[in-house]
Each structure stands twice: as structure tokens, then as C-alpha cells.
Number of protein chains: 2
Amino acid sequence: RSTPRGAASFDVHATPAVTVHMIHSPATKPTVDSRWPLDPDIEVMVTIDVTSRTVDDNQVKISYYDREGRELAVAWLYLTCVEVSLDVDWSRSGRVKSKGKDKAKWTWGPDGQGAVLLVNCDRDSPGAGGTDSGQADVRTPADLQDMSVMLLRTQGPSAIFTEYRVVLHVPESDADKVRVFHAVRGDTHPLYKPVLGPDKLSYVLDNAGHGDSTFYVEGLAFPDRGFSGLVSFSASLLEVPHKDSPGTPIFTDTVVFRVAPWIMTPNTQQPLEVFVCSIKQGSDSNEAFLEGLRALLRKANCKLTVCSEQDTRSDRWIQDELEFGYVEGPHKTFPVVFDSPRNRGLKDFAFKKILGPDFGYVTREPPGNSVTSLDSFGNLDVSPPVTVRGKEYPLGRILIGSPLPWASGRRMCKAVRDFLFAQTVQAPLEVYSEWLSVGHVDEFLTFVPALDRKGFRLLLASPNACYKLFKEKQQQGHGEATQFIG
Amino acid sequence: RSTPRGAASFDVHATPAVTVHMIHSPATKPTVDSRWPLDPDIEVMVTIDVTSRTVDDNQVKISYYDREGRELAVAWLYLTCVEVSLDVDWSRSGRVKSKGKDKAKWTWGPDGQGAVLLVNCDRDSPGAGGTDSGQADVRTPADLQDMSVMLLRTQGPSAIFTEYRVVLHVPESDADKVRVFHAVRGDTHPLYKPVLGPDKLSYVLDNAGHGDSTFYVEGLAFPDRGFSGLVSFSASLLEVPHKDSPGTPIFTDTVVFRVAPWIMTPNTQQPLEVFVCSIKQGSDSNEAFLEGLRALLRKANCKLTVCSEQDTRSDRWIQDELEFGYVEGPHKTFPVVFDSPRNRGLKDFAFKKILGPDFGYVTREPPGNSVTSLDSFGNLDVSPPVTVRGKEYPLGRILIGSPLPWASGRRMCKAVRDFLFAQTVQAPLEVYSEWLSVGHVDEFLTFVPALDRKGFRLLLASPNACYKLFKEKQQQGHGEATQFIG
């Protein structure tokens, strides 16, 4: 269209930073003086690898020639090169890496790629009522350690950013799962401005073109039914011809995070701290049991935390009220207690006494809060690492006690089961426990460390053997003997 | 364990229906008289292909011999062969087929396998308040046509079923998505007993062993966020040693259905019936428009249904209130109207006037029912079949008008978008429409049939060209001209 009448050939020259690519069929060749025939099959592509210092500092000159080789006309192309790149720790090294490939791809495993986000479910912030994720500001630098860093690099002459805008944005479907803080210079110390999150889908970068802007990203929600755990962020360069224009995207860079699942720890691992409830009053005192446990843990060199009757409101079944696990990212790992909807005396214990700096908290409750004994976390266990029919479960598999599939009966509530299944890495397995009066999976199975074979044994209780033993003891005249005190 | 002391070899004989398989290493061979050494590597497997007529009518005899070849002892194995098979139309032929392979597998496409279930969202039942899926009984044989047949075959001597029970069951997670009716003989005509569904997880088959039991299965819910559409049913043979035993599963057969998605029809297809609202009163009457439409549809030989002002409560924007689509299974196909949460004068129109025999109804509403103009179904369209970067969409792709991804603004509600995305077969695409005052995707694009190339054209409105045209007409002195009456 823009070729002058009578033109037969052309050549292309450009300033040094520009690379000119001629795309043509093998048969088409330039003349000795590097001129190309005006052939519709020829495409000219230009690329630049150096960020511009001023607007239009790169030029491409196209000259047109007639059949006799006389220059007929010249076309100029002015180019400004800007860099816009959104980067995260996609290689899971603990540091943000630029130049990632397929930055919007996320894959599992040690050879996988894609950044990890933690649910900021601990309470680093002094004076906060609940978890850090519940508040839209950063109150302590310690809280930043739980977040994933995201860098937005923008390089280019400032003048260009009057007509072009850089916007960081999050899809509406992900916005209620995350919060993003922009680290900006304050008068005395850095400020962390909340810029994306629930109901905040986009953020226009002030002062674009001046290098790296640092963002901190926190997760607000664990994977669950309807939420895979994947969230994405994009940085777009928008052309904004006038102030009220919504902007036309010129370039978009997208990164993806996965919210780290809550992971349970099998009891074949070395214990770090044992929580036990002390019941002193009444005939039901557990002083004797506590004494035995104290002696054992001294031997095992393990910390013991005794929960007072006041804190536990005389509820001794701490194994049923909470389950310890953790979340892990390349940048941070911390334990997270999962609070059962069982809610007896220990209802508020985990929230009040365990949630704290670098100790997270999560809970799930059924609507209406109608629970059964199978909602207690004695009914929730995890195996050591196993391989099932060739499929590896390097973190083991969660075990839930349930009724038989075809029986209606007491069952762990859907809210908790949905949560457990959605974590995916410890693919839960339901086993039949509802035949028991209490109905917990830990009443008849447990895993113990072993030195050989798989490194563990599954101990299965035999009600039959126990019944025989009791019968035998009864016949030996011990029918009235006390089994255990405390 | 059961081999007699001094035994060195054995042989196996069985009644004719039994096949005896010897599993051994190539080196191990029987003696000339068909006796086998008592080698722990040898396994004996027996199979039967003929259903037993009486209990224990098959026998396997194992004789043990000492080194001198003298028979030391004999062990007898008594076998009863029963057949338990759950079958559906897994090949999508319109008929139930037995002997399916991988019956619990479901795959898409013309070469795929797995049965299909329809949401029983029409109203065949006279006097029913809503859709047929809303009632737990079958009131008319016509309603059975919308359901998928599932056969449970049980063959074997009746006596065996005093100690063994056949149970049909559905996973708790699927139970609220389906209802199953058992066709049983009534006094005068067949009865359809509701046997599985919400809160009914299992059904013990009376009278097992007498051949095929026929079940009718209806879907209650379309795929949606958190529900892929897959549901499974299992038939289990349980050993029940005593009346109160919960039963031990001996054998389980599982089949899987997918609830058919709601599918939209592109307007490149031949219209069957056109719905239009008549507005007679006031200056806003659409009589002239109706007259033109009538003439056009006479030419096109298409049925026209004029909705009265009373039925539409003077709301003429029927294109915005409802969207026609259909559900399809090998056994049945029927149209389904999707009712928008827009809910102006036409709020109850689809439910009252369109829902009926073989015309289904579905709706989705946001919590609190706060809608914007983008919730109108003029903002919902579908393309003809397309191929995008090598991926085929044989049913086209749904088009939804949205704000720019980084803009907060009016947006089609999540309940409707979740529903549309969950149907999966017409993978929705969001296009920018929110820049318009009304904001509907159908304000600037439509598809028309074409004889060449892809068989259609996408017509895109050009606000620019229109603006120029208006300017031109204004300059020609037509600035005050009326554009359109009616």
C-alpha cells in the first residue's frame, strides 16, 4: 500500500540495536547491492534487544528503487524498546528468577516448575485478632517472610509511559484467594501498600520504567472443592491514547502460583513436641498417665507441653480436636494446626494457644455445625510414604474412618473431607471404622517405624485376639482386674 | 498348612464346569500321571463360567500323595457360581450392553465410552409444580423416556442369597445428583420405586438371583463448580454371616455416567420457532416490527410464537431473559431453556410458559440476586463449530461479554459463569463488551451462515463506520430523521 508507484526493489537499514530479519523463500535472493525485489512473499521483521534510552531512539529506514535502481522514496519506522517482565520464583530455588520459560505453566514434583504461595494463616502481627491473612495490611516485617516475592520489571524512557500504562492484574476468579502488597519507599521505612486482593483486580504502576518493583504475595485460602490452588497474575502494557481510554493491551506477561497444600505428618517421624491435657480433679484424673508420659518423653528427649485444665476446659481428648501439619514453600515452611469441628472443651484451644508467629491455623466446619464422633481427628491419620500399584505417594496417604460405602451412618462431614481431598498430595483413603462405638480410625490402626523393608509397619488391632485374651484372663480369675488407671 | 505330613505330590480334579489353571515356573512339570510336586511356587487357580443351579454344585478335589505315590488324603472345595453384573449403555448405542470393558471409565467423543444421564429438567408429569427432577416419584411413563436404563443382573441358586446379599449403592458425594427408580411389578401396571438418591445411598435387592432387575436413572443437577458431571453406581455382593452383620464385600461391579451438559445452539442453524413479545400499548408499541418479522418468518417457513403483553408483563426483551439450548443422550434429546437472573417482566415466563413435556428448564441466580445488565442473555452467545490453534470445538464456543480483565466493573454473575464454564463442551470465551452502555456481546457481533470456507462469517459492528455514516447523513441534512419505528 505504501510502496511508491514504479518501485521494483527495496532495501532496509536500521540503527545498531535493531536486528532486521528477512523472511523469504529460498528462491528469492537479494541483488549484489543488497536490494530485495518487491515480492509479496517477502516479510521484513525487526527486533530489538536493547531497552531504549529515549523515545524513538531506534530507526528503520526502507528505501524503494525503480527498475533502473534509482531511489524513489524512503519510509522511516521509529521504534522505542521497553521491557516489561513479571517474575517469580518459578524454579523453586528460594529466589525470583527472570527469563522463565512457559511462566504460566505449573507442574508438580522435584523436576516441576511454577512458584508456590503459602496461606498466611499464622499470626506474626502483634495485636491481630486472627490469622495474618485476615488483615489487609502488613504490621511486621516478619509477616513478609511468609509471602512470595513477585518482581515487576519495567525499563524504558519515562516519556513513553504517558501514553502507555503498566497494569498488574489478577483474574476475578482468583482475587479472593490472594493479596498483593507493593513495597514502596516510606519516609522512614518501607511501606507495603495493599494493591491486589478481594475486590481489587488491578493496580496501575506509578513511575513505570524505573526498573524493578517488588511485590509480596500471600495466599488467603487453601485448595478446596472448586479451588485447585492455582492463581495467576499478569502485567500488561496498555496503550492509553487519552486519559479516559480503558487501554488496549500491547503485551501481557503472566505468572502462576500454586497455593501450597496443608500436609500432615505421619507418626513414624521424630516427635518435636507432645501436647497433653492435664486432668487433676475428680476420680477421672490422668496424673498416672501423665507421669508415665513424662518419663517416656524425658527418655526420648522430646518437649512436653502440658495443657492446663483451664485452657482445655477439662477436655482431655486433644488428639481428637486437632491435627498438626505444615505448609511448605521454597522461601518458608511453618507448621499449621487443623482444628476439628468437634468443638468440645478444646474448641478454642488451637486458635487461642497454638496460632501464633510461624504457627498457622486452619479449620473447617459443616453448615449448622452438626458433627458426629467421626469428625474427631482421632479419625484422621496419615501413612508414611507409600507406593500403591506403581503410583508413588512420597508424602503418604491420608486415612479417614468412614461407614461402608453403601451404608448411611455417621460420617466425617463433607466440609472437612472436601478440604482433605482438595490438598491432593496425600490422596485420602476411606477405611471402614464406623462399626466401632466411637468409630475412629486410630482405634485399630497405627504406623510404627521399622528399620527394614518399607521403613515402617502398619499395626492393626485384632478385636478377635483381644477378646480371646480377655476371655482367657477371665477364666484365669482376673475378670475383675483393673486394666489401666489414669 | 492343610497338606498332610509326608505328602510329596498332589493332583487336582474338578466337575466339568470348573476350569483348573496350574500356575508354575517353566521348569516345574507334572509327572506322567499328572501329579504335581508340592512346590510353594505352584499356584492352583479355579474358574467357573457357568452359573450354579444349586448351592455347591461344583467341586474341586485335591489329592495328596507320598513319595511312593500312595494317596494320603483328599481335600474338597465346594463352589457356587453366581453372576452379578451392573450394566448401562456404555457404548452410547441407545441400548444397555453387557460385558463392557473398564465399565468405570468415561471418555469423551465419538470413539469414547461411558453412559450418559440427562438432568430430568422438563415437566412430563401432569400437575407437577416444577421440573420432574423435583419430585421423587414417576407419575407418567413418558417421564421414563428421559431416564437412562441400568440393569442389574443376578443369577444363581436362591438358597445362596440367604447368606449373601446384593446391594446397589451410590457414593455419598454423588447421591444428591441422581435418583434411581426400580421397576417392579405392581398389581395392574409396573411400579417405579425410588431406591437411590439424596440421602438414600444403598438399596438391598429383594429376590436376588432371578435375572435382570431394571432401574431408571435420572440426573438432578447439571455440571457446575465442584461437580464434574460424573456419577457412579456400584452393585456389591456382600457376605452376610448373620442378620446384623454390615456385610463383607465379595465382589463389586461399578458403572459410571456423565450428566449431559447443557448445550447452546448457534444462530447459524435453521430456526425452528421464533419467540417474540408483542407490545401494543403506548407510544412504544412494536406492531411495525412484529409485522416485518411475521412477513420474514412466513418467507422462511418458520413458526412464530407471539408472547402476549400479559405473559411478558410488558417486557419485550425476551432475547435478554432466556437462552435456548438442549441436552442430548443416546436415548433422548430435548430442548432446555436457560433462564437468566435478569428477572424483569419476563421473570416467570420461561418457567410458566416454556417448561413442559420434553422442554426442560434451568436457571442460576447470584446470591442476593444483585444483577447488572451484563447478566442479560443478550450478553451470551455461541459460535458455530470452530478450530482454535488445532483444538476442535465441534459445538462451537460460548461468548460472554465482560469488562477488561484488569478492570473492575459490571460483570456477568459468578453463578452463571460457573455454570457455563462447567458444561465444558463449548469452552466459554470472554470478550470485552463492558465499554458499551448496555454492554451485551450481541450488540456488536453475530454469526451468519456462509456457503464457503468455514460455513459462516462473524459480523462485527464498526462503531467507527457507523459514526461516520451518521455524520455524513447529518451533513446531508438528515440529522432529524427517525431511524426506526416499532
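The two copies meet through the same surface, because 100% of the interface residues of chain B are also interface residues in chain A. This is a predicted model, in which local features need pLDDT of at least 70 and side-chain atom pairs count only at pLDDT 80 or more, while totals for chains, interfaces and linings use all residues; side-chain values use heavy atoms, without hydrogens and water. Residues are numbered from 1 along each chain as its sequence is written, and chains are lettered from A in the order in which they are written.

Chain B is superposed on chain A by a rotation of 180° with 0.2 Å of shift along its axis, at an RMSD of 0.2 Å (least squares on the C-alpha atoms of residues with pLDDT of at least 70 in both copies). The two copies are thus related as by a two-fold rotation axis. Within chain B, the residue that comes closest to this axis is B:G226, with its C-alpha at 2.4 Å.

Turning to the single chain, chain A holds seven helices and 29 strands (DSSP runs, H or I of at least four residues for helices and E of at least two for strands, numbered from the N terminus). Its radius of gyration, taken over C-alpha atoms, is 32 Å, well over the 23 Å that the globule rule gives for 486 residues, so chain A is more spread out than a compact globule; the rule is 2.2 Å times the number of residues to the power 0.38. The C-alpha trace of chain A spans about 125 × 55 × 45 Å along its principal axes. Of the 486 residues, 45% count as buried (under 20% relative accessible area, with a 1.4 Å probe and protein chains only). Among contacts (heavy atoms within 4.5 Å) between residues of chain A at least 6 apart in sequence, 67% join residues at least 24 apart.

Helix α6 of chain A (residues 414–422) offers a closer look at burial: A:V416, A:R417, A:D418, A:F419, A:L420 and A:A422 are buried there. Their cover includes strands β21 (333–339), β22 (360–363), β23 (380–382), β26 (398–402) and β27 (429–432) of chain A. After α6 of chain A comes A:T424, with a positive phi near 60°.

In chain B, B:S383 sits in the loop between β23 (380–382) and β24 (386–388). B:S383 counts as buried, at 6% relative accessibility. Leaving aside residues up to four places away in sequence, B:S383 touches B:P266, B:L395, B:G396, B:R397 and B:F447.

Conventions: Buried < 20%, exposed > 50% of the residue type's maximum accessible area, 1.4 Å probe, protein only.
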